[in-house]
Amino acid sequence: MESTLDNISPGSDPKPPVIYRCKKCRRIVATEEHIVSHNRGEGQKCFKWKKRNGDLDVETPECSSIFVEPMKWMEAVGEGCVEDKLQCIGCKARLGSFNWAGMQCSCGTWINPAFQLHKSRLDECRG
């Protein structure tokens, strides 16, 4: 039986893992393994009428957040809250929010339960 390492061609390095850090204090808040992937939605068509900006023909936007599994550093999750903000455990900067009932991504897809970290508040580093 072949191992998976035998299938890697010599000279090709496996991709280094992605690490997400708080932009303010550089503390690691998530890694690639914690991300909950989702299929991209249909953009504006998926939003309620009041949340649309009128450009239904525009290309589906890039997701402005990542969704992760609940983690130990998420203090509000451990306190039994149904929804709340997610703060960095190091510097208390607001990194995102969570809702056990789910929330909508900027691409239009619904994620349930949702633990959302805003990409603008994170640094994406290759390990």
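The paragraphs below lead from the confidence of the model, through its overall build, to the surroundings of one serine.

The structure is a predicted model, and the protein chain has a mean pLDDT of 81, with 72% of its residues reaching 70 or more. Confidence is not even along the sequence, since over residues 1-9 the pLDDT stays under 50, and for this stretch the model has one contact beyond four places in sequence.

Turning to secondary structure, the protein chain contains one helix and nine strands, and when these elements are read along the sequence they follow the pattern β-β-β-α-β-β-β-β-β-β, with three strands ahead of the helix and the other strands after it. Among contacts in the protein chain with a separation of 6 or more, 55% are accounted for by residues 24 or more positions apart. Of the 127 residues in the protein chain, 33% are buried, while the area that the chain exposes comes to about 8,700 Å², of which carbon and sulfur atoms supply 50%.

A closer view can be taken at S65, which is found in strand β3, spanning residues 65-67. S65 has a relative accessible area of 5% and therefore counts as buried, the cut-off being under 20%. Leaving aside residues up to four places away in sequence, S65 touches Q116, L117, H118 and K119. Two of these residues are also reached through polar contacts between side chains: the side chain of S65 makes one with the side chain of Q116 at 3.2 Å, and another, of 3.3 Å, joins the side chains of S65 and H118.

Terms used: Residues are numbered from 1 along each chain as its sequence is written. This is a predicted model: local features need pLDDT of at least 70, side-chain atom pairs count only at pLDDT 80 or more; totals for chains, interfaces and linings use all residues. Side-chain values use heavy atoms; hydrogens and water are left out. pLDDT is the predictor's confidence in each residue, from 0 to 100. Contact means heavy atoms within 4.5 Å. Helices (H or I, at least four residues) and strands (E, at least two) are DSSP runs, numbered from the N terminus. Buried means under 20% relative accessible area, exposed over 50%, partly exposed in between (1.4 Å probe, protein chains only). Accessible areas come from the Shrake-Rupley method with a 1.4 Å probe; for residues, only the protein chains shown count as cover. A polar contact is a pair of N or O atoms within 3.5 Å; within protein, one must be able to donate a hydrogen and the other to accept it, and residues adjacent in sequence count only if both atoms are side-chain atoms.
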